[in-house]
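This report looks at how a ligand is held and at the strands and helices that surround the site. Please keep the sequence and the structure in view while reading.

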Amino acid sequence: MSLYVYDFDEGVSDTFGVRHPGGRDLLGGKGAGLAEMTQLGIPVPAGFTITTDACRAYMREGGLPGGLEEEIAAHIARLEERAGKRFGDPEDPLLVSVRSGAAVSMPGMMDSILNVGLNDAAVGGLARTTGNEAFAEDCYRRLVQMFGETVDGVEFGRAQPSLREAAEIYERETGRGFPQDAREQLRRAVVAVFESWNTPRAQVYRHTYGIPDDIGTAVNVVQMVFGNKGETSATGVCFTRNPSTGEVGVYGEYLVNAQGEDVVAGIRTPQPLEEMAQRLPDAYAQLLDTMARLEQHYRDMQDIEFTIEEGKLFLLQTRSAKRTAAASLKAAVDMTAESLITREEAIARIDPTQLDQLLHPMLDPTAEFEVAARGLNASPGAASGKIVLDADTAAERGKGGEAVILVRWETTPDDIHGLIQSQGVLTAHGGMTSHAAVVARGMGKPCVAGCEGLQIDVDAKTVRLGEHLLREGDVITMDGGTGRVIVGRVPLVPPAINEDFETILVWSDEVRRLRVRANADNAGDAAKAREFGAEGIGLCRTEHMFFGDERLPVVQEMILASDEAGRRAALDRLLPFQQSDFEAIFEAMAGLPVTIRLLDPPLHEFLPPLDEATDERMRSRIRALTESNPMLGTRGCRLGIQWPEIYEMQVRAIARAARAVHEQPLVEIMHPLVGFAEELRRLRELTEHVMAEEAPDIEYVCGTMIELPRAALRADEVAEYADFFSFGTNDLTQTTLGMSRDDAEGKFLTFYLEDGVIERNPFETLDQGGVGELMRIAVERGRGARKEIKLGICGEHGGDPASVEFCHGLGLDYVSCSPYRVPVARLAAAQAVLKQARRAEYVSAGG
Ligand code: PEP
Ligand code: MG
């Protein structure tokens, strides 16, 4: 019985995304695709998959698990039988490729080795049986090089060596001749693929995309088919729809007389697929037919690798295509219209984090500029930044907050850390399926590839861009949507939501239960939020209303006043400013709820540093207000309790603004950083008193943020005075974890994430086990005490898809996030409903 190895035709499959035992998790994406294509009768070379279980066992045991080598030998024997060739035969050798393939696609991150089974004798046999000596030598040279690089870490340099040179380099670097035993080659190749799971680049990739470290990769051993057998042979990559735009149509690239890695590595610039119609018409027709079948079968856009050996087509891989956000939306909407998928499937298919791409800037259409060079529009979006010529520098400067653009001849998987920290990537070489293009599209960064007007002199640290000679550090602007590159900075504009995006959002609105609000503290942001579909403001911070040239001196006067009367006099002068700010926001949000959070930061933030104090009085006040730990000091409602006249003024300004506007909003007055019910009792009294005085006719509610563990734990008591709770998960995360965000990110937290102590940044994605548990308690106790209490979240997590899903599960009423993330939250909220329904279905089916 198989433990670790399955032939492609052993009937293990992964139909319609339902994972049977033995599906994608076990066989990896590539293995599952090969098995399924075999079942569909699509031409696939024969072969077998060594499962991810084997990889996990390898990692656990630090070596190949017992029995695996025997299983591999048995499957090789079956492959030999089928192929009518023997592995290691010097006369007519069976050759295989050894390819990585995890359950989650990680393009280019792990290793593959082609032509395993060749040696000094078999190369002659291959030459004789094919009548093509050059081909045989080319195959052997590729094996020596790929095996050398992957298994033994040999560096062969840039230039393509001859077979003899490659063998010499191998021997010089390893101190041994190239291994001649086919079975030893295979065993070491399998080990190398397992090992490649843990290369730094693969780890960086996994951490970037939140892929678990322990799932391991499968290894596919595939009978070789040759795209490098001459002019009727070819290899290529194609997509069933355009991965940049989502448009239907033939889309791909191929190379005549080449092997697969030539296309993906960007070593030769490939030809557009359409050209194949003339050169290899039969194979082309069969390819188009197969592409259509695969898309129908998987009901999703496919990314396909193929090889044509002397006119005969073979598919080597099919997988769900990585695509830009725009392409995702278009394909989902179109496929729904084609009745290929349902609306729910269309919603579920969009990666909400990817939508960010569309919410990124574009070149200002009214700006005038001269295009210095053009390349392929490999990944859309626009960016300006300083030229950087290597990935390490890009990573370092990018981390330091500089906007950089990585400019390279081409990129390789080893550049991943530089790509992550760059605003965009520009390459002189490579096509739409080159590494830079694929990775940038996945990350939603602009990429211009194959820019022929670009020459790079790495030693001199200069770049020639069309007619311009530039140095590293000079600023350029690139537009990945059109392939244009411009010297200097071009103004960028925020994007608008296109029709496909709007369609998906409208569908999402029909499905979601959570309401989506925005955090906005001025009329401009409020208007933007509405444009993006916000259904109210969940957090209007009032701090900035105390800053500004006209206001700050008055605020300082208030702080420096020696008694309450002095403070009140200053506050009276501040009130009109606040009132007009509130009026503008209320107008923009006519009729919708607006939650206004009263002043939060400590007062010393409004005073200058001690050495800039203008007189002794100011100096002594600064000293008195200085705190050794301001995050835990006189913040939030503690301020309002000690200086109630400040909150009184704010509530008065809110009341007057609400009366002044045409259409009243639903006013929600929110008190920050409450820890004790008594705090809120007092502040509610204050609020009610002022509202009754100023605007007895205005309806409003009064509530609190939940930002402290104590407030969450005593939510039943706090709820007695609260019409609503809004989880301030920025502070709740800091106070629960005992981490100040400023002192964690970029410091020990970065180390924790890199070292795997924790998997996610808790300031970006809710720490469900800790902070989430406190939220759950607060929801339960809050609702227990006051059934109709309204519950929301306004920390940054309100725009994070995984956190939105969690909030849906908790039964919150709304999430609130920055205006640009409102569309992301709308989609994520709908997906949460669909996921919950799927889980329920699974459970009721006895899952
Ligand atoms: C919070 O703490 O989550 C919050 C929204 O408040 P702020 O970020 O202003 O502290
Ligand atoms: Mg806070």
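## Contacts with the ligand

In this predicted model, a backbone N or O atom of Thr-729 lies 3.0 Å from an oxygen atom of ligand 1, and a backbone N or O atom of Asp-731 lies 2.9 Å from an oxygen atom of the ligand. Arg-597 contributes through its side chain instead, with a polar atom placed 2.9 Å from an oxygen atom of ligand 1. Taken alone, ligand 1 would expose 290 Å², and the protein buries 88% of that area.

## The shell around the ligand

Ligand 1 is surrounded by 13 residues, and the closest of these are Arg-541, Arg-597, Gly-728, Asn-730 and Asp-731. Sorted by character, the shell consists of six charged, four polar and three nonpolar residues. Two elements, β27 (537-541) and α27 (729-737), each give two or more residues to this shell, and α27 gives the most, with three.

## The barrel and its helices

Eight strands close into a barrel with parallel pairing, following the order β26-β27-β28-β29-β30-β31-β32-β33, and the twist from one strand to the next averages 25°. Within this barrel, strand β28 (residues 593-597) pairs with strand β29 (residues 666-671) over five bridges in the parallel sense, and Arg-597 stands opposite Met-670 in β29.

Helix α20 (residues 564-588) packs on the sheet, where it touches β27, β28 and β29, and its direction makes about 155° with that of β28. Helix α24 (residues 677-694) lies across β29 and β30 (700-706), and it runs at about 155° to β30.

Conventions. Residues are numbered from 1 along each chain as its sequence is written. Chains are lettered from A and ligands numbered from 1 in the order in which they are written. This is a predicted model: local features need pLDDT of at least 70, side-chain atom pairs count only at pLDDT 80 or more; totals for chains, interfaces and linings use all residues. Side-chain values use heavy atoms; hydrogens and water are left out. A residue is near a molecule or strand if one of its heavy atoms lies within 4 Å of it. A polar contact is a pair of N or O atoms within 3.5 Å; within protein, one must be able to donate a hydrogen and the other to accept it, and residues adjacent in sequence count only if both atoms are side-chain atoms. Accessible areas come from the Shrake-Rupley method with a 1.4 Å probe; for residues, only the protein chains shown count as cover. Helices (H or I, at least four residues) and strands (E, at least two) are DSSP runs, numbered from the N terminus. Ala, Val, Leu, Ile, Met, Phe, Trp, Tyr, Cys and Pro count as nonpolar, Asp, Glu, Lys and Arg as charged, and the others, Gly among them, as polar. Two strands pair if DSSP finds at least two bridges between them. Axes are lines fitted to C-alpha atoms, for helices over the stretch in contact, and angles run from 0 to 180 degrees between N-to-C directions. Contact means heavy atoms within 4.5 Å.
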